[in-house]
Amino acid sequence: MPRLDLPSFAEVRRFALTAALTALVYALAGWVSLKVATYVAGVIAAVWLAAGVGAMAGLRFGLAGITGVALGSFAVISQVLSIDMAWRLALGAAASSAIMGYLPRHLHPFSPTLESVPSVAKFALVAAPLGYGVSALLGVTSLYSAGLLPDDQVVQGLWVWWLGDVLGVYLIAPVLLTASRWDLLPTSKTARLEGLVLVLSMLLLTYAMLANIQPLRPSEVVLFVLMPGVLWAALRFSVTGASLAIFLSALIVLGVAVVSSGGAISSTSLRELFALQVSMLAMSLAGMFVSAALAERRHSEMRLDMLANHDPLTGLPNRSYFQDFLGHALARAQRERSQISLLFIDLDRFKHINDSQGHEVGDQVLCIVGKRLDEELRADDFVARLGGDEFAIILVHPPAARAASRVVRKLLKTLSEPFKLEHRRYAVGASIGISVYPDDGLDANTLLRQADLAMYQAKQRRSGFEYFSDELNTVAQQQLSLENGLRHALDHGELALAYQPKVSLGSGRVVGLEALARWLPRSGGMIGPDRFIPVAEETGLIMPLGRWVARASCEQWIAWRDAGLNPPPVAINLSPRQFNDERLIDDIDAILAETGMEAAQLQLEVTESAAMENPQRTFEMLDALRQRGLHVYIDDFGTGHSNLAQLKRMPIDALKIDKSFIDDVLVNSDGAEIVNAVIRLAHALNMRVVAEGVESAEQLAFLKKQGCDEVQGFVVAKPLPPDQVEAFFERQFEF
């Protein structure tokens with residue numbers, strides 16, 4: 001048998017309390033309606049205010065509210081009719097409340113706070129007329145069957161009951177439903193004064209009409225005084241303000257009706273009653289629709305402002321908003337003699353997550369980071385997402401040395417905490433650069449540039465955060481000069497290739513050449529690759545530089561072959577950025593086709609870290625290269641973090657042992673053991689081993705003894721220009 005889940009005591013108590021309070025409010029509103037607005041048979045009211053309570057209860061509280069409506073209706077009706085009749089009418093009121101609670105919610109979209117025109121239409125033109133049509137029909141039928149309603153008053157009673165209920169919904173329900181949005185009411189002194197003027201104007205104009213117009217029809221007050229006031233409130237004070245104005249108008253018009261009719265609406269003629277009801281309906285509908293239309297417009301403007309000034313992914317301010325805010329903050333800091341610390345944040349390891357797990361996971365990571373930054377900062381601090389995985393923070397504080405350090409350490413600790421997404425744990429870190437106003441700059445662009453430079457320094461040093469210094473500016477200027485010079489070199493033929501031979505320890509023959517780029521400015525001298533390659537990597541110039549190296553190497557190999565020489569295969573280095581480029585395969589295909597280079601004579605060297613960064617992509621790339629007959633070497637082996645299981649599966653021809661390990665083989669037993677282990681590992685995986693940076697005969701002898709396959713370095717030859725390296729093609733080395 002299925003287990004029966006009984007409600008908890010707290011749930012029962014909450015249900016009972018909601019029902020009791022609803023019943024009390026409903027009964028009070030019904031009693032007021034019967035006292036001042038009874039028109040037919042002592043129970044049909046021209047304005048049944050309790051209907052508004054019932055509509056709100058059905059929408060807000062569901063079954064508990066509907067139960068309260070039934071109890072409240074029975075309590076008030078039983079005072080004027082029999083118990084049996086009171087229960088019938090109570091059930092009709094509960095049914096109407098249930099329809100009001102159910103129907104609008106299933107006519108999507110619908111907002112219970114009536115902040116859109118479709119919501120008002122569904123509430124006021126569909127749910128209310130249908131729901132309280134049921135109550136009116138059931139009530140009038142019950143009165144007629146009990147003999148309390150004459151035949152000639154059935155249609156009149158049905159009409160008055162239905163209009164009275166609908167009018168009660170329009171007058172009372174909006175103010176109850178929008179009570180949760182009173183925060184939308186303007187709070188400035190000017191707005192409060194305007195609201196007070198509106199209320200006093202409505203009261204004074206009504207009094208003036210009572211004193212000077214005889215006889216006064218309540219519908220005239222509605223049309224000429226109250227409706228303009230409600231429209232004024234709708235235009236100026238949002239949905240909540242319009243609802244309050246409609247409620248106030250109801251109180252005023254009921255008071256006018258009672259006074260003008262000599263004490264009770266029941267003495268009002270049917271024609272006057274109908275005019276009063278229709279005018280109040282028109283006033284209420286006009287107020288609700290106008291306020292809803294303006295609320296929609298405000299929401300649209302807010303959404304446009306949000307899209308223009310905020311990042312749609314994290315919800316944080318975007319770069320445009322950040323720059324505006326920073327400009328205002330600097331102006332204020334200048335007036336108040338305060339200090340500003342600008343934090344430029346770049347995430348570590350984010351690219352790996354984004355590339356390996358997809359952009360959907362990457363977007364979730366950015367949202368988590370944005371939320372953590374926002375939660376850790378003070379209310380008057382400012383955080384923005386500048387784009388990609390870059391964020392910026394503005395801290396305003398009294399002048400002090402390195403005032404941002406404590407906050408930055410807290411942020412770094414928070415950002416480094418692991419988190420779980422889709423059953424997997426992730427962790428990112430951050431590098432933060434800091435610039436300070438007025439010490440490091442007086443304008444927004446300068447401060448942002450200085451913070452960016454400091455961030456790159458922190459990333460290179462892996463220090464977490466760095467403050468800007470003048471030395472960083474000097475380095476940045478030098479890098480900019482190198483970048484511009486390298487662009488010029490690519491365009492004007494100032495680059496050349498040098499080739500370093502690779503020799504087989506078994507045969508003593510040159511079995512390969514490594515092509516290395518050299519920059520030869522026309523102004524004289526040479527700029528080493530250790531200076532311009534990092535700049536090329538950072539600026540993206542490594543892409544055109546890499547394509548130039550590949551093409552020039554292939555053209556030179558073809559020139560050697562056509563000259564009758566027997567050139568060995570030539571190897572080119574692929575930077576991590578090149579290896580991850582989607583166009584790499586297409587570029588290589590084009591170069592091979594255009595130069596006529598044999599694919600088997602071209603070798604590609606990829607660093608260990610680049611190959612292992614995204615194993616799945618590496619497998620796909622290496623497979624595509626192997627299908628074209630190209631050979632792949634893993635360069636700088638031992639400096640990265642290889643997964644041996646993945647390494648075994650990769651179609652790799654050889655491993656190149658990094659020079660740092662070769663330097664230690666004669667002076668450090670650990671270094672010798674590492675080199676020996678790498679050689680054994682490579683042979684176990686059916687790969688050749690190349691030792692690079694071999695500079696002495698002793699190192700060469702050690703490597704030969706351990707079974708190393710090939711060597712390159714100064715012990716063989718330094719990198720040489722094409723016309724000099726030709727002499728090594730047929731040379732026989734004796735080791």
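Trainee: Why are the side chains of Asp346 and Lys459 said to meet in a salt bridge?

Mentor: The N to O distance for Asp346 and Lys459 is 2.9 Å. A salt bridge requires a side-chain nitrogen of Lys or Arg within 4 Å of a carboxyl oxygen of Asp or Glu, so the pair qualifies. This pair links distant parts of the chain, with Asp346 in strand S3 and Lys459 in helix H15 (residues 444–461), 113 residues apart. Helices (H or I, at least four residues) and strands (E, at least two) are DSSP runs, numbered from the N terminus. The model is a predicted one, in which local features need pLDDT of at least 70 and side-chain atom pairs count only at pLDDT 80 or more, while totals for chains, interfaces and linings use all residues. Residues are numbered from 1 along each chain as its sequence is written, and side-chain values use heavy atoms, with hydrogens and water left out.

Trainee: Why is Asp346 called buried, and why is Lys459 called partly exposed?

Mentor: Buried means under 20% relative accessible area, exposed over 50%, and partly exposed in between (1.4 Å probe, protein chains only). Asp346 has 10% and is therefore buried, whereas Lys459, at 28%, is partly exposed.

Trainee: How do you know that Lys502 forms a salt bridge with Glu605?

Mentor: The closest N and O atoms of Lys502 and Glu605 are 3.7 Å apart, which the salt-bridge limit admits. Lys502 lies in strand S10 (residues 495–504) and Glu605 in strand S13 (residues 602–607), so the pair ties together parts that are 103 residues apart in sequence. Both Lys502 and Glu605 are buried. The two residues also belong to a network of salt bridges that links Lys502, Glu514, Glu605, Lys656 and Glu692. The structure holds 22 salt bridges.

Trainee: What makes Arg509 and Glu730 a pair that ties together separate parts of the sequence?

Mentor: The side chains of Arg509 and Glu730 meet in a salt bridge of 2.9 Å, N to O. Arg509 is in the loop between S10 and strand S11 (510–519), and Glu730 is in the segment after helix H27 (722–725), so parts 221 residues apart are tied together. Arg509 is partly exposed at 28%, and Glu730, at 47%, is also counted as partly exposed.

Trainee: How do you know that S8 and S9 pair?

Mentor: Two strands pair if DSSP finds at least two bridges between them. Strand S8 (residues 429–437) and S9 have 3 bridges, in the parallel sense, and Glu466 in S9 is the bridge partner of Gly433. The two strands belong to an open sheet of 5 strands with the order S4-S5-S3-S8-S9 and mixed pairing.

Trainee: Why are S4 and S9 called edge strands?

Mentor: Strand S4 (382–387) and strand S9 (465–467) each pair on one side only. Neighbouring strands of this sheet are turned by 20 degrees against each other on average, direction ignored. Axes are lines fitted to C-alpha atoms, for helices over the stretch in contact, and angles run from 0 to 180 degrees between N-to-C directions.

Trainee: Which helix lies across S3, S4, S5 and S8?

Mentor: Helix H11 (residues 319–336) lies across strand S3 (339–348), S4, strand S5 (390–397) and S8, running at about 140 degrees to S4. Helix H13 (residues 359–376) packs on the sheet as well, touching S3, S4 and S5, and its direction makes about 5 degrees with that of S5. Contact here means heavy atoms within 4.5 Å.

Trainee: How do you know that the span of helix H1 agrees with its number of residues?

Mentor: The expected span is 1.5 Å times one less than the number of residues. For the 29 residues of helix H1 (residues 9–37) this gives 42 Å, and the end C-alpha atoms are 41 Å apart, which agrees. Buried residues of H1 include Thr18, Tyr26 and Leu34.

Trainee: What makes Leu114 and Asn686 notable in phi?

Mentor: Phi of Leu114 is near 55 degrees, a positive value in a residue other than glycine. Asn686 has a positive phi of about 60 degrees although it is not a glycine either. Leu114 is buried at 3%, whereas Asn686 is exposed at 72%.

Trainee: Why are both faces of strand S15 said to be covered?

Mentor: In strand S15 (residues 654–657), Ala654 and Lys656 on one side and Leu655 and Ile657 on the other are all buried. Strand S14 (residues 631–637) runs parallel to S15 and is joined to it by 3 bridges, while S15 and S16 pair in the parallel sense over 4 bridges.
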